[in-house]
Structure formats: C-alpha cells, structure tokens
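Please walk through this structure with the sequence and the coordinates side by side. The paragraphs below begin with one local detail and then widen to the sheets, the helix and the cores.

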Amino acid sequence: MRWGLVPAWSKEAAPKYATFNARLESVADKPAFRNAWRRSQTCLVPALGYYEWRTESGVKQPYFIHSPESGGLLVFAGLWEQREGRYSCTILTRPSDGELAQLHSRMPVMLSHGDATSCLDQGTNTADMLLESNVHREVRFHPVDRAVGNPRNQGEALTHPIRA
C-alpha cells in the first residue's frame, strides 16, 4: 500500500495535504477519511517501532519507541482506501498518555495482539471497537542518533540507543 491515504474522490494521486495520520476522535468527520471509516476499511500496520522528536536545549532529539519484548511487534490501527486500482493507507492516532506524553501529544492507536486478531474478523465492527477501547500497549523509548532524520540513512543501527 502507498503510505498516506488518498481518498477515492481525490482528483490527484497525491493530495496537497498530509494524510499519513488520522485523528481517531475526528476521523468520522474529516472528508479525507470519513468514507473509509464509514465502510470500516480498517487495516493493521505492523512495526518494530517508530520515532518521535522532542526539542531539548534548542535541538531536536529523536527517540525510538518500541515494544519492551525482544523483537516485539507493535500493531497500529489504520484505514485504507482504493483509488484507480491503487491502495493507500493511514495510521490512526489518539492523544498520548503515560510516559509517551513526555515526547509528543499524539501517539498511534496501538492494538494488543488479541484486538488485532479481532480487527481481522469479518463480523467485528472495528470502528466501534477502536472508539470504545483505550488500548495502549506497553512501550519503551530511548534517544537515538539524529542521523535517523535523513532518509538516505537506513539500517538497524538507527534504532540503537545513544549515550546522553
């Protein structure tokens, strides 16, 4: 799937506004996301982790957020859309809580593995489940090298902690 949801009604294959995140609390009302939401076009986005930046002493410091389990997988709730035979997706977000609120005001909607399995069941109303749940997987985070901010840099080393 293409990263960044492209609404089926969009005239362009690349919207002029960012659609890579959708706020769970307003997704039903936003034109870019409401059709996918109403149709329960939900998907799962697996990840080993993700990055957030926090300004510290005037410098943006990236942090890697991940599961505390060795090799643990995070599962984010998302939406998908199809336009002209091409699929695109977005991640649903919600207000941060717990320790993550120190890093950023928003966080992905993270599902337990059991809830992720339920999302795949045809009979489950995923939209209602996501709105009603306050699922928040336990996560850890640590500072990483600022090289992560350059898309030319790749590799597992970008997830390793740096010494403060």
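Which backbone atom lies 2.7 Å from a polar atom of the side chain of D145? It is the backbone nitrogen of A147, in a polar contact, a term that stands for a pair of N or O atoms within 3.5 Å, where within protein one must be able to donate a hydrogen and the other to accept it, and where residues adjacent in sequence count only if both atoms are side-chain atoms. The model is a predicted one, in which local features need pLDDT of at least 70 and side-chain atom pairs count only at pLDDT 80 or more, while totals for chains, interfaces and linings use all residues. Residues are numbered from 1 along each chain as its sequence is written, and side-chain values use heavy atoms, with hydrogens and water left out.

D145 is found in the segment after strand 9, and with a relative accessible area of 40% D145 is partly exposed; in this scale buried means under 20% relative accessible area, exposed means over 50%, and partly exposed lies in between, for a 1.4 Å probe and protein chains only. Leaving aside neighbours within four places in sequence, D145 is in contact with P62 and I162, contact meaning heavy atoms within 4.5 Å. D145 and P161, which are 16 residues apart in sequence, have C-alpha atoms 7.6 Å apart in space. The segment after strand 9 also holds T159, where a polar atom of the side chain lies 2.7 Å from the backbone oxygen of E156. Not counting residues up to four places away in sequence, T159 touches Y51, F64, H142 and V144.

Consider next the chain as a whole. Its secondary structure comes to 3 helices and 9 strands, which are DSSP runs numbered from the N terminus, helices being H or I of at least four residues and strands E of at least two. From the N terminus on, the elements run β-β-α-β-β-β-β-β-β-α-α-β. Of the 164 residues, 41% count as buried, and among contacts with a separation of 6 or more, 62% come from residues 24 or more positions apart.

One open sheet has 3 strands in the order 4-5-9, with antiparallel pairing, where two strands pair if DSSP finds at least two bridges between them. The edge strands, each pairing on one side only, are strand 4 and strand 9 (140–143). Strand 4 (residues 49–56) is joined to strand 5 (residues 59–66) by 8 bridges, with E56 having V59 as its bridge partner. The hairpin of these two strands has 2 residues between the strands, and S57 takes a positive phi near 55° there. On the other pairing of strand 5, 4 bridges join it to strand 9, where the bridge partner of I65 is F141.

Strand 6 (74–83) has its own antiparallel pairings. Strand 3 (residues 42–47) pairs with strand 6 over 6 bridges, and C43 has G78 as its bridge partner. Another 6 bridges join strand 6 to strand 7 (residues 86–95), with E81 and S88 among the bridge partners. Strand 6 and strand 7 form a hairpin with 2 residues between them, and E84 in the turn has a positive phi of about 50°. Because 8 of the 10 residues of strand 6 are buried, this strand is largely enclosed by the rest of the structure.

Helix 1 (residues 31–38) has A32, F33, A36 and W37 as its buried residues. Seen down the helix axis, these buried residues fall within an arc of 100°, so they line one face of the helix, the arc being that of the directions from the helix axis to the C-beta atoms. Just after helix 1, S40 takes a positive phi of about 55°.

The largest nonpolar core has 17 residues, of which L79, L92 and L130 touch the most other members; such a core is a set of buried Ala, Val, Leu, Ile, Met, Phe, Trp, Tyr and Cys residues joined through side-chain atoms within 4.5 Å. Helix 1, strand 6 and helix 2 (113–120) are the elements that give two or more residues to this core, and helix 1 gives the most, with 4 residues. Leaving aside its neighbours within four places in sequence, L130 is in contact with L24, W37, T42, A77, L92, V109 and L111. Apart from this core lies another, of 15 residues, among them V45, F76, C89 and M107.
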